[in-house]
2 protein chains.
Amino acid sequence: MLFASKTPTESEIVYLLKEHEINPTYQRVLIARLLFVGRTHVAAEDVFRAVNKDSPNVSKATVYNTLGLLAQKGVIREVIADPDRVFYDPNTSPHHHIYDEISGELTDIDAKEVSVTNLPALPDDVELQGVDIVIRVRRNRKK
Amino acid sequence: MLFASKTPTESEIVYLLKEHEINPTYQRVLIARLLFVGRTHVAAEDVFRAVNKDSPNVSKATVYNTLGLLAQKGVIREVIADPDRVFYDPNTSPHHHIYDEISGELTDIDAKEVSVTNLPALPDDVELQGVDIVIRVRRNRKK
DNA sequence: GCGGCGGTTTATACTTACTCTAAATGCTCT
DNA sequence: AGAGCATTTAGAGTAAGTATAAACCGCCGC
Ligand SMILES: [Mn+2]
Ligand SMILES: [Mn+2]
Ligand SMILES: [Zn+2]
Ligand SMILES: [Zn+2]
């Protein structure tokens, strides 16, 4: 979901959540806004820290529940690339990832820049959820 | 690494480990053999259970350390697809995976059956470790 | 055979990411 | 205000994996 502004307003976020049949509570709006303002790949613990930076605002359970809910409703996307944590991605347009095994950082690659062909036909009792490409790299630290 | 026999002998495993500069201890041979006989994708806890099924043979630490060592030396491969655990794969030939989000099962797809083209050029301070494709599906349980 | 020595394994404690539970809070309708 | 449902919360619990420090093993020189 793309916004006209780089930093969507609270009411734009409220609208986005409603569109996806999510009741826009204080905590959900706060978390969603953080994601869409930051436009980066974040883990749940990052969100927990950010959202409680100044004052205690949102519990850990709510952070996890909200990220799960947003992902399930399609507002954001889960990325499984790091063996230690799930990343959440506000970019829901078709794209893939470069994963740096050293820093743990994820970078987007537009799906148009990669083509995957000849995917095998799937048995008809399976429902395709998505095709994820992860390019695993190691960026050499310090020259 | 392919074996003539479907069930490699102990000495074939010993040779395989030596080839990869791994000292073939009792525990390492046991674990590697289990992987290459089973020829499936297994998590560390699966290996721990299997290897200690009858009598206590190998500690948890050694299971984790050995799987890590085998992967690092290229005898087996790690697969990151399930958010809850790392899978280890005795199939090191180029291939990709179908991941069933419901059962947690992984299935191989030969790399020849898929083509990925137009991968973006990587900055020259990054070393490519591999390109992993995961096809996420849900197999509908019970008609 | 004995002592030493590096490499390996072990039990066990610990950490980290995440889930569960049951109570408290809030929101809406009457 | 009170009922009823949705949501949030603190805190306990789980599961995968890591760290630590002691024990053990295989080999070598004596
Ligand atoms: Mn981990
Ligand atoms: Mn997990
Ligand atoms: Zn992304
Ligand atoms: Zn495989």
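**Protein–DNA surfaces, chain interface and sheets**

In this predicted model, 15 residues surround DNA strand C, and those that come nearest are A:Lys60, A:Val86, B:Thr25, B:Gln27 and B:Ser59. Of the atoms of DNA strand C that lie within 4 Å of the protein, 75% belong to sugar or phosphate, and the rest belong to bases. Several polar contacts to the backbone of DNA strand C involve side chains of chain B: a polar side-chain atom of B:Thr25 is placed 2.4 Å from a phosphate oxygen, an N or O atom in the side chain of B:Thr62 is 3.0 Å from a phosphate oxygen, and a polar side-chain atom of B:Gln27 lies 2.9 Å from a sugar or linking oxygen. Two or more residues of the surface near DNA strand C are given by each of helix H4 (60-72) and strand E3 (85-89) of chain A, and by each of helix H2 (26-38) and helix H4 (60-72) of chain B. The largest share, 3 residues, comes from H4(A). By class, the residues of this surface divide into 5 nonpolar, 6 polar and 4 charged.

Around DNA strand D there are 17 residues, of which A:Thr25, A:Gln27, A:Ser59, A:Thr62 and B:Val86 come nearest. Sugar and phosphate account for 74% of the atoms of DNA strand D that come within 4 Å of the protein. Phosphate oxygens of DNA strand D are approached by side-chain and backbone atoms of chain A: a polar side-chain atom of A:Thr62 lies at 2.9 Å, an N or O atom in the side chain of A:Asn23 at 3.4 Å, and a backbone N or O atom of A:Asn57 at 3.1 Å. The elements that give two or more residues to the surface near DNA strand D are helix H2 (26-38) and H4 of chain A, together with helix H3 (44-51), H4 and strand E3 (85-89) of chain B. Here the largest share, 3 residues, comes from H4(B), and the surface has 6 nonpolar, 6 polar and 5 charged residues.

Between the two protein chains, 34 residues of chain B are in contact with 34 residues of chain A. The area buried between them is about 3100 Å², and carbon and sulfur atoms give 55% of this area. Within chain B, the residues that lose the most area to chain A are B:Ile80, B:Asp125 and B:Arg136, which together make up 18% of what that side buries.

Both chains also contribute to an open sheet of 6 strands, which has mixed pairing and follows the order E5(A)-E4(A)-E7(A)-E7(B)-E4(B)-E5(B). Strand E5 (106-110) of chain A and strand E5 (106-110) of chain B stand at the edges, each with a single partner strand, so one side of each is left without a neighbour in the sheet. On average, neighbouring strands of this sheet are turned by 30 degrees against each other, direction ignored. Within chain A, strand E4 (residues 95-100) and strand E7 (residues 126-139) run parallel and are joined by 4 bridges, and A:His97 has A:Val134 as its bridge partner in E7(A).

A further open sheet, in chain A, consists of 3 strands in the order E1-E3-E2 with antiparallel pairing. Strand E1 (42-43) and strand E2 (77-82) of chain A are its edge strands, each pairing on one side only. The antiparallel pairing of E1(A) with E3(A) extends over 2 bridges, and A:Ala43 stands opposite A:Phe87 in E3(A).

Terms used:
Residues numbered from 1 in each chain as written. Chains lettered and ligands numbered in written order. Predicted model: local features only at pLDDT ≥ 70, side-chain atom pairs only at ≥ 80, totals over all residues. Heavy atoms only, no water. Pairing = 2+ DSSP bridges. Axes fitted to C-alpha atoms, helices over the stretch in contact; angles between N-to-C directions. Near = heavy atom within 4 Å. Polar contact = N/O pair within 3.5 Å; in protein donor to acceptor, adjacent residues only side chain to side chain. Nonpolar A, V, L, I, M, F, W, Y, C, P; charged D, E, K, R; others polar. Contact = heavy atoms within 4.5 Å. Buried area = accessible area lost by both parts, 1.4 Å probe.
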